[in-house]
Amino acid sequence: MGGGDASGAGAPEEETQEQKRAAAAAYDYEGDARWADYWSNVLVPPHLAAKPEVLGHFRRKFYQRYVDRDLVVEPMSSTGSTQPSRPDIRSSPSASSESVRARNTGSSSRSAAPPPPQTNAAANPLRFDARTIHFSINAWVLVVAGLGMLPILPKHLADKACKLSLLGTVLSSGYSLYSTYGKPSALNMPAIQGWLQSVLGAKDFIHLMFSLLLVTSQLHLKIAALPVFCWALDHVARFLRRNFAHSYFYRGYLEEPCLWVETNNTTLSLLSSNAELALGFLLIISLFSWRRNIIQTFMYWNVLKMMYRAPATSSYHQSAWAKIGRTVNPYIQRYAPFLETPISAVQRWWLR
């Protein structure tokens, strides 16, 4: 099976794969907007997601899928597997013989083999930890934002529901930022600036700024609840698929909706981006009303500018702006060419 010809032909191939693996390791994943979406949709248990070998394995799979399809990705070892307890039971002959002995010896051997910690965690997916708290807040935001967008709900109730959904997003994003990045190491300017630089492009920080600006606004715009609804829907669906995949209720009623959310994640992100841009234009129109707030409008457009550049949201916002440009520019060039100069000035501010 391993003749001289085969080994001689396999050596260049092995060197090529080594070069491809080195290129995959050096690839700028954080600068690729597709990586954030890919990693957010990978179902990895929380206790394994932080391991370098697990992260490196999925980075190589991403590189194989989007950059170089010729890269050969080896399967993860048992220490990096997403289901560490199952392969030992299925593939090991000693494990099967031990199970036979356990059935023959009665109740005394049942107590001799306690279940592993992963089985207990799977049996109790709603344990009281940071991820469960985050999921609970997002589930509440999902329900309240959905109620706020219902056209049959009275206006005063819909306005309160939208405010509550924005407030819930403030709590959810703030809690997620604290769980991921902690707090500044010291209460001085250099430490706070360093902490802000580390969270500035994070999706949760953008959601926090978006919600903080709108929850304090005097305007009551239902469209503000749409991005919040999409964010909460994505988080709830991913949590349910990760923690309740073996639940009878999930398989019977929630599996198809959660699968739809996962497969249409790009559509939901584009819908959210369009709603965020529409909200920005509505704030500009509100400057001509008695409820105008110039500072809030300027700060919101800075948040949109941040969304345009952040890796997690840039591709969707750039796509939305390109579509607006293709639609509006011909009319400006034909009917209002005098607007090209101020629009160019705004574009320079936007891109700098």
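# Exercises on a predicted all-helix chain

E262 and R241 form a salt bridge in which the closest N and O atoms are 2.7 Å apart. The model is predicted, and the exercises below start from this pair.

## Exercise 1

Task: Find which helices hold E262 and R241, and how many residues apart they are.

Solution.
- Step 1. E262 lies in helix α14, while R241 lies in helix α13.
- Step 2. The two residues are 21 apart in the chain, and the pair links distant parts of it.
- Step 3. E262 has 27% relative accessibility and counts as partly exposed.
- Step 4. R241 has 19% relative accessibility; buried means under 20%, so R241 counts as buried.

## Exercise 2

Task: Examine the salt bridges E18 with R21 and D234 with R238, and state how each pair is placed in its helix.

Solution.
- Step 1. A search of the whole structure finds five salt bridges, including E18 with R21 and D234 with R238.
- Step 2. Between E18 and R21, the closest N and O atoms are 2.8 Å apart.
- Step 3. E18 and R21 are three residues apart in helix α1 (residues 4-26), which means that about one helical turn separates them.
- Step 4. Both ends of this pair are partly exposed: E18 has 43% relative accessibility, and R21 has a relative accessible area of 24%.
- Step 5. Between D234 and R238, the closest N and O atoms are 3.2 Å apart.
- Step 6. D234 and R238 are four residues apart, about one turn of helix α13, where both lie.
- Step 7. D234 counts as buried, at 13% relative accessibility.

## Exercise 3

Task: Describe the largest nonpolar core and name the helix that gives the most residues to it.

Solution.
- Step 1. The largest nonpolar core has 42 residues.
- Step 2. The residues with the most contacts inside this core are F210, L214, V228, L240, Y300 and L304.
- Step 3. Two or more residues each come from α9 (130-148), α10 (155-181), α12 (203-215), α13 (225-243), α14 (248-263), α15 (265-286) and α16 (294-309).
- Step 4. The most come from α13, which gives 11 residues.
- Step 5. Take V228 as an example. Leaving aside residues up to four places away in sequence, V228 touches V141, A145, S165, L166, T169 and F210.
- Step 6. Another core lies apart from the largest one; this other core has 12 residues, among them A24, Y38, V54 and V73.

## Exercise 4

Task: Identify the residues that make the nonpolar surface patch, and the helix with the largest share of this patch.

Solution.
- Step 1. The patch covers about 350 Å² and is made by W140, L164, L167 and L171.
- Step 2. Helix α10 supplies the largest share, three residues.
- Step 3. L164 is found in helix α10.
- Step 4. L164 counts as partly exposed, at 38% relative accessibility. A patch residue needs over 30% relative accessible area, so L164 meets that cut-off.

## Exercise 5

Task: State how many disulfides the structure has, and whether C162 and C258 are buried or exposed.

Solution.
- Step 1. The search of the whole structure finds zero disulfides.
- Step 2. C162 counts as buried, with 7% relative accessibility.
- Step 3. C258 also counts as buried, with 5% relative accessibility.

## Exercise 6

Task: Locate A33 and list what it touches beyond its sequence neighbours.

Solution.
- Step 1. A33 is found in helix α2 (residues 33-40).
- Step 2. A33 has a relative accessible area of 13% and is buried.
- Step 3. Not counting residues up to four places away in sequence, A33 touches P311, S314 and S315.
- Step 4. A33 and S315 are 282 residues apart along the chain, but 6.5 Å separates their C-alpha atoms.

## Exercise 7

Task: Give the helix and strand counts of the protein chain, its buried share and its exposed area.

Solution.
- Step 1. The protein chain has 18 helices and zero strands.
- Step 2. Of its 352 residues, 34% count as buried.
- Step 3. The chain exposes about 21500 Å², and carbon and sulfur atoms supply 62% of this area.
- Step 4. Among contacts with a separation of 6 or more, 70% are between residues 24 or more positions apart.

Terms used
Residues are numbered from 1 along each chain as its sequence is written. This is a predicted model: local features need pLDDT of at least 70, side-chain atom pairs count only at pLDDT 80 or more; totals for chains, interfaces and linings use all residues. Side-chain values use heavy atoms; hydrogens and water are left out. A nonpolar core is a set of buried Ala, Val, Leu, Ile, Met, Phe, Trp, Tyr and Cys residues joined through side-chain atoms within 4.5 Å. Buried means under 20% relative accessible area, exposed over 50%, partly exposed in between (1.4 Å probe, protein chains only). Contact means heavy atoms within 4.5 Å. A salt bridge is a side-chain nitrogen of Lys or Arg within 4 Å of a carboxyl oxygen of Asp or Glu. Patches are made of residues with over 30% relative accessible area and no salt bridge: like charges are joined within 9 Å, nonpolar side chains (Val, Leu, Ile, Met, Phe, Trp, Tyr) within 5 Å. Accessible areas come from the Shrake-Rupley method with a 1.4 Å probe; for residues, only the protein chains shown count as cover. A disulfide is a pair of cysteine sulfur atoms within 2.5 Å.
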